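The note below is written for a colleague who is meeting this structure for the first time. Please read the points in order, with the structure in view.

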Amino acid sequence: MPIDESQEQERRETAEEISELLSVVQEMGRRLANETHGAPYELVLELNELLHQARAKIDLIQASPLIS
């Protein structure tokens, strides 16, 4: 099924919104890491790595052509 221009624009806007949200969440993760000590610190580092991976995936999605 072919994708029309409005659907492509919606896809681009949605990917951009996710990217912006992830950026904010990553900043919050960095702040949490600075405020966390002891055993929970490892969990915060793991969370931040997952956020980084999610951001990298959305970058790949944004860069990939739409296949219809």
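The numbered points go from the overall form to the helices, then to single residues and charged pairs.

1. Basis and overall form. The structure is a predicted model. Its secondary structure consists of 2 helices and 0 strands. The radius of gyration is 16 Å, well over the 11 Å that the globule rule gives for 68 residues, so the protein is more spread out than a compact globule. Along the principal axes, the C-alpha trace spans about 55 × 15 × 15 Å.

2. Surface and contacts. Of the 68 residues in the protein, 18% are buried. The protein exposes about 5,300 Å², and carbon and sulfur atoms supply 60% of that area. Among contacts with a separation of 6 or more, 74% are between residues 24 or more positions apart.

3. Helix α1. This helix covers residues 5-35, which makes 31 residues. From first C-alpha to last it reaches 45 Å, close to the 45 Å expected at 1.5 Å a residue. Its buried residues are Glu8, Ala15, Ser19, Leu22, Gln26, Gly29 and Ala33. The cover over these buried residues includes α2.

4. Helix α2. The second helix, residues 40-63, has 24 residues and reaches 35 Å between its first and last C-alpha, close to the 34 Å expected at 1.5 Å a residue. Val44, Asn48, Leu51 and Ile58 are its buried residues. Here the cover includes α1. Each helix therefore contributes to covering the buried residues of the other, as α2 is part of the cover for α1 and α1 is part of the cover for α2, where contact means heavy atoms within 4.5 Å.

5. Asn48. Which residues does Asn48 contact, leaving aside its neighbours within four places in sequence? They are Gly29, Arg30 and Ala33. Two of these contact partners, Gly29 and Ala33, appear among the buried residues of α1. Asn48 itself lies in helix α2. Its relative accessibility is 18%, and because the limit for buried is under 20%, Asn48 counts as buried.

6. The loop and Thr36. Thr36 is placed in the loop between α1 and α2. Is Thr36 buried or exposed? Thr36 counts as buried, at 13% relative accessibility. A polar atom of the Thr36 side chain lies 2.6 Å from the backbone oxygen of Leu32. Not counting residues up to four places away in sequence, Thr36 touches Tyr41 and Val44. Of these two, Val44 is listed with the buried residues of α2.

7. Ile61. This residue also lies in helix α2. Ile61 is partly exposed, with a relative accessible area of 42%. Ile61 and Asn34 are 27 residues apart in sequence, and their C-alpha atoms are 30 Å apart in space.

8. Salt bridges around Arg12. Side chains of opposite charge can pair when their charged atoms come close. The count of salt bridges comes to 4. Arg12 meets Glu5 in a salt bridge at 3.1 Å, N to O. Arg12 also forms a salt bridge with Glu8, where the closest N and O atoms are 3.1 Å apart. Glu8 and Arg12 both belong to helix α1 and are 4 residues apart, about one turn of the helix. Glu5, Glu8, Arg11 and Arg12 are linked in a network of salt bridges.

9. Exposure within that network. The members named above have their own accessibility values. Glu8 is buried, with a relative accessible area of 13%. Arg12 counts as partly exposed at 37% relative accessibility, whereas Glu5 counts as exposed at 56%.

10. The pair Arg30 and Glu27. Arg30 forms a salt bridge with Glu27, with 3.2 Å between the closest N and O atoms. The two residues are 3 apart in helix α1 and so are separated by about one helical turn. Both count as partly exposed: Arg30 at 44% relative accessibility and Glu27 at 38%. Arg30 is also one of the residues in contact with Asn48, which is found in helix α2.

Conventions
Residues numbered from 1 in each chain as written. Predicted model: local features only at pLDDT ≥ 70, side-chain atom pairs only at ≥ 80, totals over all residues. Heavy atoms only, no water. Buried < 20%, exposed > 50% of the residue type's maximum accessible area, 1.4 Å probe, protein only. Expected span 1.5 Å × (residues − 1). Polar contact = N/O pair within 3.5 Å; in protein donor to acceptor, adjacent residues only side chain to side chain. Rg over C-alpha atoms; globule rule 2.2 N^0.38 Å. Areas by Shrake-Rupley, 256 points an atom, 1.4 Å probe, with all protein chains shown as cover. Salt bridge = Lys/Arg side-chain N within 4 Å of Asp/Glu carboxyl O.
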